[in-house]
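Biologist: Before I accept any label placed on this model, I would like to see each one set against the rule behind it. Could we go through them together?

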Amino acid sequence: MGLIIEGGVYFLLLFTPFAFGGVELWALGVFQIVAGLVVAAWAWSVHDQAPGSRGLSSYRGARTAFWISAALFILLVLFQLSPLPPAWVQRLAPGTYDLYARALPGYAEGKEFEAASLPAWLLVRKGDQIPTARAPGAPAIPEPPKNGAEGIPARHSAWRGLSINTFETWQRLSLLLSLLGLFAVVSSWYRTKERIARLVAVTAFSGFAVSMFGIIQKLTWNGKLYWVREGTYGNVFGPFVNQNTYAAFAGTIFPLAVCMGLSSLRGIGKGRPGALPQLLVWGFAAVTMCCGIFYSLSRGGILSAALSLAIVAAMLLYYGKAGRELAVLGLMALAAVGFLAWIGSEKVIERVGTLKEGQSVPSLEVRMGAWQKTQELFASSPLVGTGLGSFRFAFMRFAPPGEGWWVQADNEYIELACEVGIVGGVIFLAGLVSWLAIVARPWLFRGREERYHYVGVSAGIAGLLLHSAVTANLQIPANGLMLAVAAAMLVCLTGMVSKSRQRRRPGIGSESPATTTQRDEEASS
């Protein structure tokens, strides 16, 4: 079972970003099938374990609160999908009720409606609207029928769901369940140093490979994705059709590679065999990802990467004796600058220069205008929202005039609030606080080699969450996967180190805490 679990996780980490981030239906289908197999194999392995070996008991209350929050959130989404009478919809989501009352004949009176009573433009098939070429002298193409209800059930119930687009809500719910399943697998399975080391290596390789591919593709760009796939691409970088989603993916992994390079540096000081080659490999991977983020010209990605490095430096200072580590961190930054200068840094310098404009940056002005308009959308259904994944349809009524069809808020938190309302927001915050209660324990890692994993993963998550405030990142399966895996890794690390310290906790007449900490550091080296 271990081979299926780890092989499936590693496959997803490598496959999903290269499959255009997993956004296309075929890629999403593969993602969910493999995730299902991984979860099933893990569940079987847990069933076969002895009762006393089914994970750690650390922070049981916080872990229970987290999973209760996750279950309540899923129940809320299922409630959004459940058909309700018009009176209930009016009380829970006035904006959704108003939309139904305007679009569905007799809905306000609670009556069933006939498809024939709907306007033809609402029911006409998309294929009927596409002109078809015809040869000279051929008979004229008949006009679409005046009544577009052919092939559609004659009568429809007045009971409707709170979600204005149930298909999108089901799609988003299935992705959420896959990610929660993978979070459970990773947080339970990777509880040894050897397994964590393998997971970190595959994760870093994925970020490095995507970044290297993106740089090469941009240098040799011929207008086609993967050099063969034609399409209308504006901001493509690597296999991602949007530079921001690439920068979010690589930015989550970048600080982890940096910290593993610093861990190898410590190994050199301790005379560990193979530490120098490891430092070179991790350093090259980190420099490549840093260059990819800057070369993608994603302002949000650049700022998030800078924040990640600042967090890494601050936490190294917190743990003490960081002089050599900070010096190597500076050398990595210089290497990245040299790499960028070699491949061409003119556009990067120009792009970074626009950051000083602040709110005057055109793209940020457009985003801020949209964020103001979302207040009207949120106020229309404040309690339970318009349905998970329905933002791009619900916002059409409130989108800024002349801005076209807005499909996202370019802010994950605003979009989530509009989709799940106050109830969903409270549940989400409860789950977040529960997770933080488990992992926000940096003092546990003082004097431990695992602190490099902890610092790198924490900085990557912080950068991803910051970047998600100015663009839609977490809806991309590859980025959602990275967040789930990184969040689970912190749970593993915290539980593993906490259990190790509990075993060595001094009793009466035994070693002092200071002696225990010193022994932990010697053992970890």
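What follows is a conversation about the terms applied to this model and the values behind them.

Modeller: The model is predicted, so local features need pLDDT of at least 70 and side-chain atom pairs count only at pLDDT 80 or more, while totals for chains, interfaces and linings use all residues. Residues are numbered from 1 along each chain as its sequence is written, and side-chain values use heavy atoms, with hydrogens and water left out.

Biologist: What makes the contact between Glu6 and Arg198 a salt bridge?

Modeller: The term requires a side-chain nitrogen of Lys or Arg within 4 Å of a carboxyl oxygen of Asp or Glu. For Glu6 and Arg198 the N to O distance is 2.9 Å, and the pair therefore meets the rule. Glu6 lies in helix H1 and Arg198 in helix H8, so the bridge ties together parts that are 192 residues apart in sequence; helices here are DSSP runs (H or I, at least four residues), numbered from the N terminus.

Biologist: Why is Glu6 called buried, and what is Arg198 called?

Modeller: Buried means under 20% relative accessible area, exposed means over 50%, and partly exposed is in between, with a 1.4 Å probe and protein chains only. Glu6, at 10%, therefore counts as buried, whereas Arg198, at 38%, counts as partly exposed.

Biologist: How do you know that Glu450 and Lys193 form a salt bridge, and where do the two residues lie?

Modeller: Their side chains meet at 3.5 Å, N to O, which satisfies the cut-off. Glu450 is in the loop between helix H16 (412–439) and helix H17 (451–467), Lys193 is in helix H8, and the two are 257 residues apart. Glu450 has a relative accessible area of 4% and is therefore buried, while Lys193, at 43%, is partly exposed. Lys193, Arg448 and Glu450 are linked in a network of salt bridges.

Biologist: Why does the pair of Lys373 and Glu376 count as a salt bridge?

Modeller: The closest N and O atoms are 3.9 Å apart, and the pair therefore falls within the limit. Both residues lie in helix H14 (residues 362–380), 3 residues apart, about one turn of the helix. Lys373 has a relative accessible area of 27% and is partly exposed, and Glu376, with 40%, is partly exposed as well. By this rule the count comes to 9 salt bridges.

Biologist: Why is the pair of Tyr10 and Tyr190 called tilted?

Modeller: Rings of Phe, Tyr and Trp (its six-membered ring) pair if their centres lie within 6.5 Å, and planes under 30 degrees apart count as stacked, over 60 as edge-to-face and the rest as tilted. A search of the whole structure finds 20 aromatic pairs. The rings of Tyr10 and Tyr190 have centres 6.4 Å apart and planes at 55 degrees, so the pair is tilted. Tyr10 belongs to helix H1 (residues 2–18) and Tyr190 to the loop between helix H7 (166–189) and helix H8 (193–219), 180 residues apart. Both Tyr10 and Tyr190 are buried.

Biologist: What makes Arg229 a charge over the ring of Phe20?

Modeller: The rule asks that NZ of Lys or CZ of Arg be within 6 Å of the ring centre and within 35 degrees of the ring normal. Arg229 lies over the face of Phe20, at 4.6 Å from the ring centre. The charged end of Arg446 sits over the ring of Tyr318, 4.6 Å from its centre.

Biologist: What is notable about the phi of Phe20?

Modeller: Most residues other than glycine have a negative phi. Phi of Phe20 is near 60 degrees, a positive value in a residue other than glycine. Phe20 lies in the loop between H1 and helix H2 (25–48), and its relative accessible area of 12% is why it counts as buried. Trp227 also has a positive phi, of about 65 degrees, although it is not a glycine; Trp227 is found in the loop between H8 and helix H9 (243–269) and, at 32% relative accessibility, counts as partly exposed. Phe18, Phe20, Phe213, Tyr226 and Trp227 form one aromatic cluster.
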